[in-house]
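Biologist: Would you please take one part of this model and describe it closely, in terms that a first-year student can follow?

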Amino acid sequence: MNPPELADRLFGPGFEALRRAGATPLHVRAFASLDTPEARDVLRRAEVLITGWGAPSLSEGHLNAAPRLRYVLHAGGQAAPLLPQSTAERGIEAANAGWINAIPVAEFTVAMIVLANKDTFRARRLYLRRRDHIDRELEFPAAGNAGKTIGIVGASRIGRMVIERLGGLNVSVQLYDPFITPADATRLGARLVSLDEVMASSDIVTLHPPLNDATTGMITARHLGLMRDGATLINTSRGAIVDQDALILELRAGRIEAILDVTHPEVLPEDSELHTLPNVFLTPHISGSMGTEIRRMGEHIASELNRIVEGRPLAFPEPLR
């Protein structure tokens with residue numbers, strides 16, 4: 001993983017969480033590359049490989065150099081993008097910490113929904129400008145969470161967690177996902193609608209699809225134009241899901257608000273208007289696990305390692321075929 005120091009934050013000093021799981025680490029520090037002689041020697045002896053953010057991809061050559069390898073445990077969303085096509089054919093199994101990392105993203109999203117519905121960001125701007133008493137009933141007659149409609153795009157694991165957490169609020173939830181049925185949506189606690197309806201009839205639209213060929217640019221200028229005046233777009237997924245140039249045009253007009261934890265590119269140019277538009281709340285991809293939340297991911301991977309040591313199947317296997 002990279003930086004290698006991330007391993008200590010995941011598993012504690014000396015990889016204590018992994019040792020508690022009953023395993024013996026073959027190296028006292030994480031590798032940033034698997035192409036050094038030292039890393040190749042460890043690969044030759046390893047039965048379990050633990051990877052994390054910033055980890056290099058494994059090649060067929062790496063797997064050839066790891067004849068005893070049987071498990072890849074990834075302290076992140078998915079192990080598959082790091083692994084060559086032959087991994088499953090070699091009898092290697094994988095697991096990840098995607099569900100664990102989804103927890104803080106869902107928490108962040110719900111927090112932003114609540115704040116956006118309370119008109120928090122516009123209220124702050126107004127208070128900063130006036131620096132005087134604000135009559136909230138006069139200035140924000142439509143603020144509040146009660147009775148609002150939340151649109152979820154994508155019934156991913158994060159999308160599902162957001163729906164579950166919204167169950168405690170007095171809001172209506174509608175969902176767009178082309179891969180589930182109306183009955184599936186009802187079981188989740190939402191009403192299945194088209195993407196156009198989500199965009200046109202929601203007070204908040206929050207994006208949770210994975211980034212792939214089908215979802216790149218899926219939120220177009222037309223979709224953004226359907227949003228209600230005063231509605232808010234939240235993106236904690238990937239910046240490339242939205243036509244960012246079209247989004248900037250809508251935001252420049254001041255008709256909608258945006259809460260963006262992700263952009264495309266991930267680090268915006270210094271002169272991007274998203275830095276300065278008053279109706280944008282921009283954060284540097286902080287919704288995923290960070291700080292104290294990182295250790296929770298490490299404990300999850302340690303629990304999977306413990307299952308391997310005890311001869312039990314993985315709790316959250318990741319399909320590789």
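Modeller: UniProt positions are given here in the numbering of the model, with shortened feature names, and annotations may be inferred rather than shown by experiment. An unreviewed UniProt entry annotates residues 112-287 as "domain: D-isomer specific 2-hydroxyacid dehydrogenase NAD-binding". The model is predicted, so local features need pLDDT of at least 70 and side-chain atom pairs 80 or more, while totals for chains, interfaces and linings use all residues. Residues are numbered from 1 along each chain as its sequence is written, and side-chain values use heavy atoms, without hydrogens or water.

I shall look closely at helix 13. Helix 13, residues 293-309, spans 25 Å between its end C-alpha atoms, close to the expected 24 Å (1.5 Å times one less than the number of residues). Helices (H or I, at least four residues) and strands (E, at least two) are DSSP runs, numbered from the N terminus. Among the buried residues of helix 13 are Ile294, His300 and Leu305 (buried: under 20% relative accessible area; exposed: over 50%; partly exposed: in between; 1.4 Å probe, protein chains only). Their cover includes helix 1, helix 2 and helix 5.

Strands 1, 2 and 3 form an open sheet in the order 1-2-3, paired in parallel (at least two DSSP bridges per pair). The average twist between successive strands is 15°. Helix 13 touches strand 1, strand 2 and strand 3 (contact: heavy atoms within 4.5 Å). The direction of helix 13 makes about 165° with that of strand 2; axes are lines fitted to C-alpha atoms, for helices over the stretch in contact, with angles from 0 to 180 degrees between N-to-C directions. Just after helix 13, Gly311 has a positive phi of about 80°.
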